[in-house]
Amino acid sequence: MASSVPLQNRAVDPFASYNSNTVNTLTRMLTYGDDGLATPRSCDVSLDATSNTQVILEPGFLYMDDVWINISSQHVIDFTDSEHYYIFDTGFDEAGYYYIVLEYTFTKSRPAPNAKALIVKPSQVGAYTPGNSWLFLKAVKVEGVGPFYITDVEDYDPMNPDNKRTFLRSYAGSEVALPTHLPEKDQGRFVYGLDDDDFFFGLSDRWVALSAVAGSSFEANVTGFDIGELVFINNTGNLQLALASLPNTTADGVVTKIGTNGIIRSSGLATNVKIESGGNVNVGDIVYLSKNEPGKISSQKSTPYSQFVGRCVAADTTSASILFHRGEPTAAGDGSLNLGTSIPLAFLPAGGWIGSGGSFYQDIDISDIFAKNAVITVWDATSGLVIQPENLEFVSDDLLRVWIPVGDVTVEVFIIGQTDSTIPGATIGKVTDTLSAGAAWLSSGSLYYQTIDVSSLIGRSSAVMVRDTSTNKMIMPAEIDFDSTSTLKIWMPTNTLELEVVVIGPSSTPQTTTSFSTIIPSGASWTLSGGQYYQDVDISIFNDDNLVLQFYDYDSNEVTIPTVEFITGFIRVWMPDNTHQLNVTIIG
């Protein structure tokens, strides 16, 4: 049998001498009474390449009971040898995490006590308490059902992270994981954190990473994100996942540490940066912010907006190390954000509908616009009423499918959106009008209506948005009627509301009009309030809130109508649950 006592030296063997007390007092001046390892790899424990039932205790320095102990050479710890155990009991017969501890207690005795390296079985680890006669050296993972074998070693117990390798609380020291900040001991202390691979300084109330104050990173509340995700600071001062679908949502940095005192890398090397699904990023590639998946990168420049975010220096299939640099967002073409073109009016004749599943559909070629980044208006060519189809389905990036319940009507469809076509579309104009509550509404049957002069627009090819000024929410009137080429009627079931109406369409006297599209991701970014979920979209690039909007649901692949609330500088989008990923297009 092998001994559990590794080859060692101690500062003074404490036997009936005041000298040992004096030396221990001097030691306490360094340790402040704590037990701990002197350096990050002191007395490390490593796998034995020759046996899966043994580990190797490496040399190193440590302090226990105010005694300096030097393990001076490698020591083999055999899990099949009863001499190495705290209590051998029924043998090497458990799967789980075993502890390797160093046992030592200062006593004045002859012979002088030695430090012992012991194995503590998973069923016995409850006997370990930080600060007792054991110093934690390593957690050893054992698997199997008989025979049992060693598979890994850890700096802490994954089942109880507080049981870990402990270092001296010196003013320049090391920690596996940054400990809870104790002002009485940690203020003014420098620590190298092995898990974070960063240096930390103890302030009066918390730890701060030196990288966060060195100019290339900054500290922020990084909860709900993953390491390697690209983020931006939104209009409320909080972090959101970055996406290249809108200039205001492009990346400000990469998450390198999560938590309430997390770290965002604003320039320089960032590791574990996430690559969009199906993407192919190689060493040396220029990388861009993804337009398709929030928080990720791509080797492809997106349209209509893109953002350069650095160069790849290492990569696998899902993540990369990049030299992050915040590029200014750019737009396709001349970089203008103004919307100057649109798809022509589409006529879907009564005889062209195809029956399917009890409904009818016709397809429209939309290859000259950026798919889904558009606002779509559909109306009955006979009555002039704006209608809501059963579905507006994007069959592909080049094909829009319009579904209606009957196939004997002629439908007119107007699509206004961002385009890379070299063929100019219509020049765009905008009409806004406020419809007062009360007597201004004229009654007809069970409904009330008011008219709007749209003579500055060409024909009925227009997108319409109606907002209730009392609630500041977008609403759907009972009817929207293009009464003639110069008059629009808004019909309501009551005359008690004041409405703001925005009409955007082709015009012979064009106005400066801006369009953007962005993705509202599903999941944790939705906020629960009153049984509903909401997310905010920054609209501060617009001069006012006279806008038209459209939402596309990636889950159903259809246009949807959420509740929309206008708040200064942004819109709040409400949905019944947080499972929806929406594409929102705004024109104004």
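Which strand gives the most to the lining of the largest pocket? The tour of this predicted model begins with that pocket and returns to the question once the pocket is on screen.

**Stop 1: the largest pocket**

Select Asn 234, Leu 239, Gln 240, Ser 525 and Gln 535. Among the 36 residues that line the largest pocket, these are the closest to its centre. The pocket itself has a volume of about 970 Å³.

Next, colour the strands around this point. At least two lining residues come from each of strand S18 (217-222), strand S19 (230-233), strand S20 (239-241), strand S45 (515-520) and strand S47 (532-538). The opening question is settled by S47, which contributes five residues, the most to this lining. Colouring the lining by residue class should show 16 nonpolar, 17 polar and three charged residues.

**Stop 2: the second largest pocket**

The second largest pocket has a volume of about 560 Å³. To centre the view on it, select Ile 376, Gln 388, Val 464, Met 476 and Ile 561, the closest to the pocket centre of the 30 residues in its lining.

Several strands frame this view. Strand S33 (374-380), strand S40 (463-468), strand S41 (473-475), strand S42 (479-482), strand S48 (548-553) and strand S49 (558-560) each provide at least two lining residues. Under the class colouring used before, the lining of the second largest pocket comprises 24 nonpolar residues, five polar residues and one charged residue.

**Stop 3: a nonpolar patch on the surface**

Turn on the surface and select Phe 190, Phe 199 and Leu 210. Together these residues make a nonpolar surface patch of about 260 Å². Leu 210 can be located in the loop between strand S17 (207-209) and S18. Its relative accessible area is 31%, so Leu 210 is classed as partly exposed.

**Stop 4: backbone geometry**

Most residues other than glycine have a negative phi, and most peptide bonds are trans. The next three selections depart from that pattern.

Select Gly 146 and Pro 147 and display the backbone. The peptide bond from Gly 146 to Pro 147 is cis, with omega near 5 degrees. Pro 147 sits in the loop between strand S10 (134-144) and strand S11 (148-154).

Move to Asp 65, a residue other than glycine whose phi is positive, near 50 degrees. Asp 65 belongs to the loop between strand S5 (60-64) and strand S6 (67-71), and its relative accessibility of 32% makes it partly exposed.

Then select Asn 272. Here too phi is positive in a residue other than glycine, with a value near 60 degrees. Asn 272 is placed in strand S23 (residues 268-274). With a relative accessible area of 46%, Asn 272 is partly exposed.

**Stop 5: salt bridges**

The structure holds 15 salt bridges. Three of them are visited here.

Begin with Arg 41 and Asp 155, whose side chains meet in a salt bridge at 3.5 Å, N to O. This pair links distant parts of the chain, 114 residues apart: Arg 41 is in the loop between strand S2 (36-37) and strand S3 (45-47), and Asp 155 is in the loop between S11 and strand S12 (156-157). Are the two partners buried or exposed? Arg 41 is partly exposed at 39% relative accessibility, whereas Asp 155 is buried, with a relative accessible area of 16%.

Proceed to Asp 252 and Arg 326, which form a salt bridge of 2.8 Å, N to O. Because Asp 252 lies in the loop between S20 and strand S21 (253-257) and Arg 326 in the loop between strand S28 (319-324) and strand S29 (330-331), the pair ties together parts that are 74 residues apart in sequence. Arg 326 is partly exposed, at 29% relative accessibility.

The third selection is Asp 363 with Arg 401, a salt bridge in which the closest N and O atoms are 2.7 Å apart. Its partners are 38 residues apart and link distant parts of the chain, with Asp 363 in strand S32 (residues 359-365) and Arg 401 in strand S35 (residues 399-404). Asp 363 counts as partly exposed at 32% relative accessibility, while Arg 401, at 17%, counts as buried.

To finish, select Arg 41, Asp 44, Lys 138, Asp 155 and Arg 165. Salt bridges with shared partners join these residues into one network.

Technical notes:
Residues are numbered from 1 along each chain as its sequence is written. This is a predicted model: local features need pLDDT of at least 70, side-chain atom pairs count only at pLDDT 80 or more; totals for chains, interfaces and linings use all residues. Side-chain values use heavy atoms; hydrogens and water are left out. On a 1 Å grid over the protein atoms alone, a cavity is a set of points where a 1.4 Å probe fits but cannot get out, and a pocket is an open set with protein on both sides within 12 Å along at least five of seven lines; lining residues have an atom within 4 Å of a point. Grid points are joined across faces, edges and corners, and a volume is the space filled by probe spheres set on the points. Helices (H or I, at least four residues) and strands (E, at least two) are DSSP runs, numbered from the N terminus. Ala, Val, Leu, Ile, Met, Phe, Trp, Tyr, Cys and Pro count as nonpolar, Asp, Glu, Lys and Arg as charged, and the others, Gly among them, as polar. Patches are made of residues with over 30% relative accessible area and no salt bridge: like charges are joined within 9 Å, nonpolar side chains (Val, Leu, Ile, Met, Phe, Trp, Tyr) within 5 Å. Accessible areas come from the Shrake-Rupley method with a 1.4 Å probe; for residues, only the protein chains shown count as cover. A salt bridge is a side-chain nitrogen of Lys or Arg within 4 Å of a carboxyl oxygen of Asp or Glu. Buried means under 20% relative accessible area, exposed over 50%, partly exposed in between (1.4 Å probe, protein chains only).
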